[in-house]
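Trainee: I have just opened this one and would like someone to walk me through it. Could we take it piece by piece?

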Amino acid sequence: MPDEQMAGAGSAPVPPGSAPGATPVPAVPPRPLDPIDRSIMRLLQADGRASIRSVAEQVHVSRANAYARINRLIDDGVIRGFTARVNHERAGQGASAYITLKIVQNSWRTVREQLRELPGAAHIALVSGDFDVLLLVHTPDNRTLRELVLTRLQAIPEVLSTRTLLVFEETDLLDQGPNQPTAPSPSPPPPLSED
């Protein structure tokens with residue numbers, strides 16, 4: 001990992017024989033995180049491009065300490081990688097929905113693989129309660145969303161029923177610091193700095 005820039009850092013290794021996209025499993029039990037580790041995680045969640053120097057200054061540790069802590073968090077599988085948070089509306093995906101699914105008992109793995117192939121699928125979770133699966137999708141418009149639900153989802157044999165919850169507005173809590181008010185839309189990130 002470059003000394004000054006976090007972007008492009010790899011994610012924790014996935015054990016051999018695991019399915020693609022599987023969550024990495026650390027070889028050792030999780031270590032407790034101290035307040036500095038938690039502060040580093042919050043900073044990197046807010047800005048995955050933050051420099052080591054910036055992180056070190058904000059959590060009041062040396063650059064070497066910050067670098068070692070970040071590497072340990074990656075090696076332990078706490079930080080799984082670095083990614084961009086996308087404004088889906090600005091990216092041409094103006095319709096978002098949470099879709100609940102009831103599925104045939106013991107069909108989770110089969111259904112999960114089919115849901116991964118759906119265009120616009122952003123998050124899939126097996127949950128408890130009145131339904132079995134919660135799916136978040138982003139599509140260009142409501143017509144595309146309707147087609148996704150009626151022709152793709154309901155065509156999966158293991159899906160017994162669906163319910164679509166349209167997202168009218170959302171707030172990404174990671175865009176806010178601990179005491180900042182909710183903003184209607186995030187401001188663009190500042191240019192990368194070399195210091």
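**A strand and its surroundings**

Mentor: Six of the seven residues of strand β3 (residues 133-139) are buried, so β3 is largely enclosed by the rest of the structure. Please keep in mind as we go that this is a predicted model.

Trainee: Which strands are joined to β3, and by how many bridges?

Mentor: Strand β1 (residues 95-103) is joined to β3 by seven bridges, and the two run antiparallel. Strand β2 (residues 121-126) also runs antiparallel to β3, with five bridges between them. To find these pairings on screen, you can look for threonine 100, whose bridge partner in β3 is leucine 134, and for isoleucine 124, whose partner in β3 is leucine 135. Alanine 95, in turn, stands opposite threonine 139 of β3.

Trainee: OK, and what is the order of the strands in the sheet?

Mentor: The sheet is open and has four strands in the order β2-β3-β1-β4, with antiparallel pairing. Its edge strands are β2 and β4 (159-166), each of which pairs on one side only. If direction is ignored, neighbouring strands of this sheet are turned by 20° against each other on average.

Trainee: Which helix packs on the sheet and touches β1, β2 and β3?

Mentor: That is helix α4 (residues 108-116), and its direction makes about 170° with that of β2. Helix α5 (residues 142-153) lies across β1, β3 and β4, where it runs at about 15° to β1.

Trainee: Which residues of α4 are buried?

Mentor: Trp108, Val111 and Leu115 are buried in α4. They cover an arc of only 70° around the axis, so they sit on the same side of α4. What covers the buried residues of α4 includes β1, β2, β3 and α5.

Trainee: Back to threonine 100 for a second: is it buried or exposed?

Mentor: Threonine 100, which lies in strand β1, has a relative accessible area of 8% and counts as buried because that is under the 20% cut-off. Leaving aside residues up to four places away in sequence, threonine 100 touches Phe131, Val133, Leu134, Ser161, Thr162, Arg163 and Leu165.

Trainee: Changing topic, at what angle do α1 and α3 pack?

Mentor: Helix α1 (residues 35-46) and helix α3 (residues 63-75) pack at about 80°, with their axes 11 Å apart, and α1 and α3 are therefore roughly perpendicular to each other. On the α1 side the contact is made by Ile36, Asp37, Ile40, Met41 and Leu44, and on the α3 side by Arg69, Ile70, Arg72 and Leu73. Of the residues in this contact of α1 with α3, six are nonpolar, none is polar and three are charged.

Trainee: Last thing, where should I look for unusual backbone angles?

Mentor: As background, most residues other than glycine have a negative phi. Histidine 60, however, is not a glycine and has a positive phi of about 60°; it is found in the loop between α2 (52-59) and α3, and at 71% relative accessibility histidine 60 counts as exposed. Asparagine 106, in the loop between β1 and α4, has a phi near 65°, again a positive value in a residue other than glycine, and it is exposed, with a relative accessible area of 77%.

Trainee: And what about glycine 129, what phi does it take?

Mentor: Glycine 129 takes a positive phi near 120° in the hairpin of β2 and β3, which has six residues between the strands.

How values were computed:
Residues numbered from 1 in each chain as written. Predicted model: local features only at pLDDT ≥ 70, side-chain atom pairs only at ≥ 80, totals over all residues. Heavy atoms only, no water. Axes fitted to C-alpha atoms, helices over the stretch in contact; angles between N-to-C directions. Parallel < 35°, antiparallel > 145°, perpendicular 65-115°, else oblique. Contact = heavy atoms within 4.5 Å. Nonpolar A, V, L, I, M, F, W, Y, C, P; charged D, E, K, R; others polar. Buried < 20%, exposed > 50% of the residue type's maximum accessible area, 1.4 Å probe, protein only. Pairing = 2+ DSSP bridges. Arc of directions from axis to C-beta.
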